[in-house]
Every structure is written in structure tokens, then in C-alpha cells.
Amino acid sequence: EAVDVNWENQALMPHLGGAFDLGTVALMSGFVHIDFLCGANVVLEGPARLELLSTTEAILHYGKLRARVPEPAKGFTISTANAEIIDLGTEFAIECDYDGESEVHVFDGAVEVRDLSPSNQKNRLVKSGAGLRLPHGVNWSDITPDEARFADVKDVADLAQVNMSDRLKAWHGHQSTILQHPALVA
């Protein structure tokens with residue numbers, strides 16, 4: 001499902017309800033709800049670039065992402081420039097800036113955050129109600145997760161409904177104008 005999406009490359013835009021090929025999903029704006037074959041679902045908020053590696057793994061180059069991962073999809077992994085976030089059956093979100101610095105917010109369950117720096121010094125278990133700021137080259141710091149900053153599947157569905165309703169109202173208005181036109185014969 002996609003709402004108010006401005007795709008970075010219109011030629012690669014998938015059709016609604018269709019499947020993404022492995023590769024990059026890039027949005028300049030808007031929201032995309034992606035269901036992975038493993039059972040995980042993700043809401044990607046633009047501007048964002050998400051590289052789909054497999055049915056259980058992706059790289060968030062930049063943007064906002066919220067994932068809900070059921071127990072059977074445990075191990076679902078999102079990587080950023082400096083960390084790998086491995087789901088342990090949970091709901092979490094990641095915000096990653098253009099420089100690759102990121103934040104991880106855990107709303108339910110737990111994730112394992114693995115350091116991808118060459119020194120590989122830090123690995124942390126982050127549980128429900130906790131979060132981490134992951135800057136380059138300095139110590140990670142604890143943050144308070146903020147659910148309001150990240151759209152979920154219901155938010156995207158609600159936005160899609162409002163969008164459809166607005167388009168229907170516009171169509172009815174246009175239809176009414178045409179029906180009242182004096183040159184209309186049939």
C-alpha cells in the first residue's frame with residue numbers, strides 16, 4: 001500500500017498490491033507499507049531508501065521505518081551504515097539520517113543491535129520501552145522511544161482511506177459540474 005508517494009524513480013514504481021523485486025525502494029516523500037514474505041511488515045516514510053536483500057533482510061540507507069515482526073519471523077534484520085538491528089519478535093522503529101547515523105526505538109519485545117564498525121565493540125539487547133542513538137565513532141546513548149514519530153500500518157490505511165475519500169469527493173464535484181453544463185445532451 002502506498003499513500004502520497006513521490007517515487008525517486010517513477011519507472012521503477014511498483015503497482016499497488018504488487019511485489020517488489022530485490023533491490024532498492026526509494027521515495028522522496030509519502031508512505032509505503034511493505035509485507036515481507038517472512039511475515040514481517042514495514043512502514044517506510046520518505047524521504048527514504050530501503051534496499052531489499054531477501055525476504056528477511058534489508059538495509060535502511062536513510063529515512064524512517066517502523067517494523068512489526070511476529071514470532072515466526074524472528075530474526076528479521078534491518079541494517080544501517082553503522083549497525084545491524086535483529087528482531088527478536090517485536091515492534092521497533094529506526095530513523096536513519098543521510099550520513100547513516102541512526103536511532104532505534106523498541107515499542108514491544110526486544111531487538112539485538114550489533115555494531116558494524118571495524119572495531120565491533122558494542123552489541124546491545126534493547127528491550128521494550130527503550131531506545132538507542134547510534135552516532136558514528138562515539139559511544140551509543142540511551143534514548144526514550146517515541147511512537148508518535150513513526151507511522152504504523154493503521155496510520156497508512158487511515159491516510160489511504162482519507163485520500164480515496166478526497167478523490168471521490170473531487171470526482172463527484174466534477175461530475176456535478178459536467179451534468180449541469182448547458183451543452184450536455186446525453
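Me: Why is A83 called buried?

Reply: The relative accessible area of A83 is 0%, and buried means under 20%, exposed over 50% and partly exposed in between, with a 1.4 Å probe and protein chains only, so A83 is buried. This is a predicted model, where local features need pLDDT of at least 70 and side-chain atom pairs count only at pLDDT 80 or more, while totals for chains, interfaces and linings use all residues. Residues are numbered from 1 along each chain as its sequence is written, and side-chain values use heavy atoms, leaving out hydrogens and water.

Me: What makes F36 and F76 an edge-to-face pair?

Reply: Rings of Phe, Tyr and Trp (its six-membered ring) pair if their centres lie within 6.5 Å, and planes under 30 degrees apart count as stacked, over 60 as edge-to-face and the rest as tilted. The centres of F36 and F76 are 4.9 Å apart with 75° between the planes, so the pair is edge-to-face. Both F36 and F76 are buried.

Me: Why is the pair of Y62 and Y98 called tilted?

Reply: Their centres are 4.6 Å apart and the angle between the planes is 40°, which is neither under 30 nor over 60 degrees, so the pair is tilted.

Me: Which of the words buried and exposed fits Y62, and which fits Y98?

Reply: Y62 has a relative accessible area of 14%, so Y62 is buried. Y98 has 60%, so Y98 is exposed.

Me: How do you know that K64 lies over the face of F150?

Reply: A charge sits over a ring if NZ of Lys or CZ of Arg is within 6 Å of the ring centre and within 35 degrees of the ring normal. K64 lies over the face of F150 at 5.5 Å from the ring centre.
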